[in-house]
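The exercises below are meant to be worked through with the sequence and the structure in view. Each consists of a task and a solution that proceeds step by step.

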Number of protein chains: 2
Amino acid sequence: MNATVATNAISTRQRILTAATELFHEKGYTAAGMAEILERAQANSGSFYYFFRNKEDVLAAVLDRYEKMLYPELLDPIWKATKDPIERIFRLLAKYRELLCLTNFSYGCPIGRIALEVDASMTKIHRQLAANFEGWKAAVKQCLREAQKERRLPASVDCQQLACLVLSVMEGGVMQARSYGNARPFDESVKGLQQCFATLMGTVPNRLGRRGRSRRRRTWKGITGQLQS
Amino acid sequence: MNATVATNAISTRQRILTAATELFHEKGYTAAGMAEILERAQANSGSFYYFFRNKEDVLAAVLDRYEKMLYPELLDPIWKATKDPIERIFRLLAKYRELLCLTNFSYGCPIGRIALEVDASMTKIHRQLAANFEGWKAAVKQCLREAQKERRLPASVDCQQLACLVLSVMEGGVMQARSYGNARPFDESVKGLQQCFATLMGTVPNRLGRRGRSRRRRTWKGITGQLQS
DNA sequence: GTCTATATACGGATAGAC
DNA sequence: GTCTATCCGTATATAGAC
């Protein structure tokens, strides 16, 4: 009906949302000031409080958006690049490495940063953070299950636990890289994971029931080229 | 010479340092206010700025203390509990789980929290954070090397990378547990790591050069009892 | 070394005209 | 829906007597 009005409304709200997303990522939730957000969004205080109840409310909107954009913005492009489930996982990790490098090792995972910063009393926020982690791990878990179906991983491994491990590797790697000011600890973390995966993939019992490394049908070391030293 | 004066001086400084340590851990660096620190330390603003240049300066002192206390306060008690290098690693992880539970899953690793919070421009702080990570990993690496010497881990594994992986597992596990409000993701992360270790330990070539699980001389599943479901 | 009082800037949020 | 002006609390840091 009143499409024009609605469009304009979305636009300002969107600018604020984008500015908040960026600044929460770059400076953290507390350090990102309202004035800064408004300036970057080219909006005024009045507009902000027309669309959002308060600062926490916009953080909730930011986290909501991250959850919705997991596939469209993060995973789909990577999934499109390769169908190999194991390679997908390591390409996903490489994506974070890329972001890390592009930002001088300052900004890694926006979810992780917020997760360690905001007070435990903000229960809604923490529920949303958990939902984001959950979606990410579900995608990795699906890759692992597929690898299992292809008999590249032993049927005995717990994919849920392994997916959780992968997320921890990413978050822990990003965290360390930030303090070191370089990608080395991120790379070492990922390579540590690769060692584990390589071993797990070498222990798939083949049809005859013997253990061996023979069923490593495809390699995924291609991605390793993106990891230094 | 003037021992009394020095003793008093250290005492107030110490109270401030302790209060700052606690509050940075509980609320983060930015959210922990000077007034709060001073109240908990039972000290006044004047005393604070007599001992420290500013807030950042006391954070530096806190991180310095963490680095010095790694063995005396964290590792020595754990190392004393067992000599098994692999078990030591998992007991170290269990220690963080314990802290997590005791604080309702709010406070995990104080170093990690600060690492993701403080601005990249605080280079001295980041150097100290890296030094803390470095010390922690060196200790884990030493355990891994020992396990390697005992031929429980293949000589081919890279202990540096594996130690880095262990730190990431801890930090990533703590981070997730905080948002979930329970220990499950921490446990899953650790169990994911255990799956990897179990496999690695099952692939040590024995003296005859054959691969097998036979050389798993000691079990370390004792610690698993502390991990739920 | 410790105390109180205070400077000064900035935080998030609101009021009310348009 | 957007604008400007502003409230009021809190932030870190300082001054200067004791």
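Buried area is the accessible area, taken with a 1.4 Å probe, that two parts lose on being put together, summed over both. The model examined here is a predicted one.

**Exercise 1. The contact between the chains**

Task: Describe the contact between chain B and chain A by its area, its residues and its polar pairs.

Solution: Begin with the area, which between chain B and chain A amounts to about 4200 Å² buried, with carbon and sulfur atoms giving 59% of that figure. Next, count the participants: chain B contributes 47 residues to the contact, and chain A contributes 47 residues. Then turn to the specific pairs, where 28 residue pairs are in polar contact between chain B and chain A, with both residues at pLDDT 80 or more, while the count of salt bridges between the chains is zero.

The side of chain B that touches chain A can now be assigned to its elements: helices H6 (110-117), H7, H8 (159-180) and H9 (184-201) of chain B each supply at least two residues. Of these, H8(B) provides the largest share, with 16 residues. By class, the residues on this side of chain B comprise 19 nonpolar, 16 polar and 12 charged.

**Exercise 2. The geometry of one helix**

Task: Compare the span of helix H7 of chain B with the expected value, and then examine what follows the helix.

Solution: Helix H7 of chain B covers residues 123-149, which is 27 residues. From its first C-alpha to its last, H7(B) reaches 38 Å, a value close to the 39 Å expected at 1.5 Å a residue. Just after H7(B), Arg151(B) adopts a positive phi of about 60 degrees.

**Exercise 3. The surroundings of DNA strand C**

Task: Identify the residues around DNA strand C and the atoms through which they approach the strand.

Solution: With a cut-off of 4 Å, 15 residues surround DNA strand C, the closest being Met34(A), Ser45(A), Tyr49(A), Lys55(A) and Asn44(B). Of the atoms of DNA strand C that come within 4 Å of the protein, 67% belong to sugar and phosphate.

Individual pairs come next: a polar backbone atom of Met34(A) is 2.5 Å from a phosphate oxygen of the strand, and an N or O atom in the side chain of Asn44(B) is 2.3 Å from a phosphate oxygen. Ser45(A), by contrast, places a polar side-chain atom 2.5 Å from a base oxygen.

Finally, the elements giving two or more residues to this surface are H3 (45-51) of chain A, and H1 (3-27) and H3 (45-51) of chain B, with H3(B) supplying the largest share, four residues. The surface near DNA strand C has seven nonpolar, seven polar and one charged residues.

Conventions. Residues numbered from 1 in each chain as written. Chains lettered and ligands numbered in written order. Predicted model: local features only at pLDDT ≥ 70, side-chain atom pairs only at ≥ 80, totals over all residues. Heavy atoms only, no water. Expected span 1.5 Å × (residues − 1). Polar contact = N/O pair within 3.5 Å; in protein donor to acceptor, adjacent residues only side chain to side chain. Nonpolar A, V, L, I, M, F, W, Y, C, P; charged D, E, K, R; others polar. Contact = heavy atoms within 4.5 Å. Salt bridge = Lys/Arg side-chain N within 4 Å of Asp/Glu carboxyl O.
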